[in-house]
Amino acid sequence: MSQRLQIMGLRLLAPIAAVAFALLVSGLVLKASGSDPFEAFRLMWDFGTTEQSIASIVDRSVPLYLSGVAFAVAFKMGLFNIGVEGQYTIAVVMAAYVGAAVELPPVLHVGLILAVAIATGMVWGAIPAVLKVTRGVHEVISTIMLNAIATFLVSYLLANHFLDRSDDTLNLQTAKIAESGRFPELLDLGPNAMINGIVLVAAAVGVAYYLLIWRTRFGYDLRASGLNPLAAQASGVAPKAMIVKGMVLSGAVAGLVGIPTLLGFSYNYGLDFGTGLGFTGITVALLGRNHPIGIAIGALLLAFLDRSAQILDLNDIAKEIVVIMEGVIVLSVVIAYELVQRVIERQQRRLIADEAPPPESPAVTTAGAPA
């Protein structure tokens, strides 16, 4: 038990040390630029812990969390799904178009929008999987190319098929989704401090991810295939089928990344719709070590940094320091986890050596020679 607690402590120490190192580096950069680092961090903390900021941070963290889970699902299979960006982009524009085209009872309307987003993400995620198992195309190459294809395809659909022509605005955007297709507010923290109900969807996805990956035979096969494909195949796991399943599941979660913004704030899709969430999700997954709780902490941390950075400009402090901080955190976490893993492996080898029985002495004859 003490060995297990020690290992858990080391794994918790890694992200804490990474954040502390990022604060140190950011403080040095602030000092070199002529700003007081302690004043900057105090301003960020004071602004980031207000009721309005807390609500904003929670809402901002939801799409980051979904993006992190989407990447983590594929990563557990040993796949690098760099295409979350394209998957959620094509999924959200399809969901926005279908959601605006119908009016249904609230539960059915929201359910239809979620189903369209999930199905579209699954289809877009299946493409690189099929290319990999049939033609040997690496998923990093195919997903990067599919990101570009998704961007141009969405622009074409928006300009030629999905455009809302009933609005006088010059913006390229879909029609607004009716009230029945919008997520209600879940929690009121005060004036202009509302947490949207979409957070429940993210929580459900996190629970489902944990149960599927760590509590089912399918999850065991998925993780085994990611750790050692040859051993998994020898135990009866079909590697090609598992690749397709892993990427399709990853695409399904990726399809939901844009839904918090769509159903909670914008209610339509336009060219000003948020981008970059897919790539940020990789950072979140790395920070959280692909565990649902760790991913949640990573998403909240990045959301806090993005929100609290807004106060820096108002005090003549470059808010770009937050970008530096995020980059240093990612690099530090990767290095810290690697060092911790080496320490854990060394301790485990030492423990095995200590518990191993001593070698038996060879039998000796009365004359002193080995028998």
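Let me start with one residue: Tyr-267 is buried, because its relative accessible area is 19% and the cut-off for buried is under 20%. Tyr-267 sits in the loop between α11 and α12. Its backbone also deserves a look: phi of Tyr-267 is positive, near 65°, and this is a residue other than glycine.

Before I go on, please keep in mind that this is a predicted model. How confident is the predictor? The mean pLDDT of the chain is 87, and 93% of the residues reach 70 or more. Confidence is highest in helix α5, residues 106-135, at a mean of 95. It is lowest in helix α15, residues 321-355, where the mean is 80.

Now the overall picture. How many helices and strands does the chain have? There are 15 helices and two strands. The C-alpha trace spans about 110 × 55 × 35 Å along its principal axes. The chain has 371 residues, and 45% of them count as buried. If you take the contacts with a separation of 6 or more, 73% of them come from residues 24 or more positions apart.

Next, some helix pairs. Two packed helices are described by the angle between their axes and the distance between the axes, so I'll give you both each time.

Let's begin with α5 and α11, the second being residues 259-266. Their axes are 11 Å apart and the packing angle is about 150°. That angle is over 145°, which means α5 counts as roughly antiparallel to α11. The crossing of these two is right-handed. Which residues make the contact? From α5 we have Val-110, Ile-113, Leu-114 and Ala-117, and from α11 we have Ile-259, Leu-262 and Leu-263. By class, this contact of α5 with α11 is seven nonpolar residues, with no polar and no charged ones. If you like looking for spacing in those residue numbers, here is the rule to hold in mind: an α-helix has 3.6 residues a turn, so residues three or four places apart point the same way.

If we follow the chain on from α11, we pass the loop that holds Tyr-267 and come to α12, residues 277-287. Is α12 mostly covered or mostly open? It is mostly covered, with eight of its eleven residues buried. Those buried residues are Leu-277, Gly-278, Gly-281, Ile-282, Thr-283, Val-284, Ala-285 and Leu-287.

What does α12 pack against? One partner is helix α4, residues 84-101. The two axes come within 7 Å and cross at roughly 135°. With that angle, α4 is oblique to α12. α4 passes α12 in a right-handed crossing. On the α4 side the contact uses Val-84, Glu-85 and Tyr-88, and on the α12 side it uses Leu-277, Gly-278 and Phe-279. The residues of this contact divide into four nonpolar, one polar and one charged.

Just after α12 comes Arg-289, in the loop between α12 and α13. Here is another positive phi in a residue other than glycine, this time near 55°. Arg-289 is partly exposed, with a relative accessible area of 46%.

A third helix pair is α8, residues 217-227, with α10, residues 239-254. Their axes come within 11 Å and cross at roughly 105°, which makes α8 roughly perpendicular to α10. Phe-218, Asp-221, Leu-222 and Ser-225 of α8 meet Met-242, Lys-245, Gly-246 and Leu-249 of α10. By class, the contact of α8 with α10 has four nonpolar, two polar and two charged residues.

Last stop: Asp-306, which lies in helix α13, residues 292-308. Asp-306 counts as partly exposed, at 34% relative accessibility. What does it touch, once we leave aside neighbours within four places in sequence? Asp-306 is in contact with Arg-60, Val-322 and Glu-326. There is also a long reach along the sequence here: Asp-306 and Gly-48 are 258 residues apart along the chain, and their C-alpha atoms are separated by 9.3 Å.

That's my tour, and I'm happy to go back to any of these helix pairs on the screen.

Note on methods
Residues are numbered from 1 along each chain as its sequence is written. This is a predicted model: local features need pLDDT of at least 70, side-chain atom pairs count only at pLDDT 80 or more; totals for chains, interfaces and linings use all residues. Side-chain values use heavy atoms; hydrogens and water are left out. Axes are lines fitted to C-alpha atoms, for helices over the stretch in contact, and angles run from 0 to 180 degrees between N-to-C directions. Helices (H or I, at least four residues) and strands (E, at least two) are DSSP runs, numbered from the N terminus. Angles under 35 degrees count as roughly parallel, over 145 as roughly antiparallel, 65 to 115 as roughly perpendicular and the rest as oblique. A crossing is left-handed if the near helix is turned anticlockwise from the far one by less than a right angle, and right-handed if clockwise. Contact means heavy atoms within 4.5 Å. Ala, Val, Leu, Ile, Met, Phe, Trp, Tyr, Cys and Pro count as nonpolar, Asp, Glu, Lys and Arg as charged, and the others, Gly among them, as polar. pLDDT is the predictor's confidence in each residue, from 0 to 100. Buried means under 20% relative accessible area, exposed over 50%, partly exposed in between (1.4 Å probe, protein chains only).
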